[in-house]
Each structure stands twice: as structure tokens, then as C-alpha cells.
Amino acid sequence: MFPDLGPDLVAGKRMLDILANKYPYLPQRMFARLFVRQTRSEEMRLLDLPRHTPVIVISSRLISRSGNVCEISTAVLRSDLVSLGLDSGRS
């Protein structure tokens with residue numbers, strides 16, 4: 001589906017820029033999930049956290065108009081360094 005995707009990612013290009021300029025899969029919708037869980041061993045090392053520390057996990061999917069998945073991402077954040085703001089409605 002994306003024949004040149006590998007070299008673009010290796011070059012450090014953002015997924016959204018790659019899709020917008022080369023492929024007809026521009027994101028139209030996003031589904032996201034936010035939850036709290038304990039750190040896993042690799043996360044403890046990378047985030048410099050003690051064992052069983054809670055972390056905030058945000059998992060999201062970007063969907064194109066045709067229903068194809070454009071991007072799936074997961075972010076693991078230190079719960080002691082996060083400020084969360086929610087805004088609903090249209091501008």
C-alpha cells in the first residue's frame with residue numbers, strides 16, 4: 001500500500017507529512033483511549049521511574065475518509081509530569 005514508506009520514515013519524516021504529500025490517506029477521524037497502568041520494565045528504565053509507578057497511556061488511531069487506518073500510535077507518559085486539558089465542542 002505504501003511502497004516508499006520505509007525510506008521516508010528512516011529519513012525522519014512525520015507520518016502525516018508523508019501521507020499528505022504522496023498518498024490519498026489524509027486523516028478525517030481519530031479514536032483515542034487514555035488510561036492509567038503500572039510501568040513495564042522497559043518503561044521504568046526509559047522514563048527513570050521506580051517499579052509499579054503509575055503511567056498515563058494514550059493510544060490512538062487516525063482513520064481516513066475511506067475508512068483506512070492512517071496511523072496508530074501509543075504514548076506512555078510519566079504521571080508526575082503531565083498536565084491534562086480537555087476541550088470539547090467546535091470553534
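Select Lys13 to begin: at 45% relative accessibility this residue counts as partly exposed, where buried means under 20% relative accessible area, exposed over 50%, and partly exposed in between, with a 1.4 Å probe and protein chains only. Lys13 forms a salt bridge with Asp8, the closest N and O atoms being 3.6 Å apart; a salt bridge here is a side-chain nitrogen of Lys or Arg within 4 Å of a carboxyl oxygen of Asp or Glu. Asp8, in contrast to its partner, is buried, with a relative accessible area of 7%.

The model is a predicted one, in which local features need pLDDT of at least 70 and side-chain atom pairs count only at pLDDT 80 or more, while totals for chains, interfaces and linings use all residues. Residues are numbered from 1 along each chain as its sequence is written, and side-chain values use heavy atoms, with hydrogens and water left out.

**Helix α1 and the core**

Next, select residues 5-10, which are helix α1, and pick out Gly6 within it; helices (H or I, at least four residues) and strands (E, at least two) are DSSP runs, numbered from the N terminus. Gly6 counts as partly exposed, at 39% relative accessibility. If you draw a distance from the C-alpha atom of Gly6 to that of Gln28, which lies 22 residues apart from it along the chain, the separation is 23 Å.

Now select Leu5, Met15, Ile18, Leu19, Leu62 and Cys70 together, since these 6 residues make up the largest nonpolar core. Such a core is a set of buried Ala, Val, Leu, Ile, Met, Phe, Trp, Tyr and Cys residues joined through side-chain atoms within 4.5 Å. Which helix gives the most to this core? Helix α2, residues 15-22, does so, with 3 residues.

**The sheet**

Select the three stretches 27-38, 54-64 and 69-78 for the sheet, which are β1, β2 and β3. The open sheet has 3 strands in the order β1-β2-β3, with antiparallel pairing; two strands pair if DSSP finds at least two bridges between them. Because β1 and β3 stand at the edges, each with a single partner strand, one side of each is left without a neighbour in the sheet. Neighbouring strands are turned by 15° against each other on average, direction ignored, the axes being lines fitted to C-alpha atoms, for helices over the stretch in contact, and angles running from 0 to 180 degrees between N-to-C directions.

Between β1 and β2, which run antiparallel, there are 11 bridges, and between β2 and β3, also antiparallel, there are 9. To follow a path across the sheet, select Phe35, whose bridge partner in β2 is Val57, and continue from Val57 to its own bridge partner in β3, Val76. Beside this path, Ile58 has Ala75 as its bridge partner in β3. Strands β2 and β3 form a hairpin with 4 residues between them, and in the turn you can select Gly67, which has a positive phi of about 95°.

**Arg37 and its surroundings**

Return to strand β1 and select Arg37, which counts as buried at 17% relative accessibility. What does the side chain of Arg37 meet in a salt bridge? The partner is Glu43, at 2.8 Å from N to O, and Glu43 is buried as well. Arg37 and Ile56 are 19 residues apart in sequence, yet their C-alpha atoms are 6.7 Å apart in space.

**The loop between α3 and β2**

Move on to the loop between α3 (41-47) and β2, where Asp48 is found. Asp48 has a positive phi of about 55° although it is not a glycine, and this residue is exposed, with a relative accessible area of 64%. His52 is found in the loop between α3 and β2 too; also not a glycine, His52 has a positive phi of about 65° and is partly exposed at 47%.

**After β3**

For the last stop, select Arg78, which is partly exposed, with a relative accessible area of 23%, and then Asp80, with which Arg78 forms a salt bridge, the closest N and O atoms being 2.7 Å apart. A search of the whole structure finds 4 salt bridges.

Finally, select Leu84 in the segment after β3, which is exposed, with a relative accessible area of 56%. Together with Leu34, Val82 and Leu86, Leu84 makes a nonpolar surface patch of about 420 Å². Patches are made of residues with over 30% relative accessible area and no salt bridge, with like charges joined within 9 Å and nonpolar side chains (Val, Leu, Ile, Met, Phe, Trp, Tyr) within 5 Å; accessible areas come from the Shrake-Rupley method with a 1.4 Å probe, and for residues only the protein chains shown count as cover.
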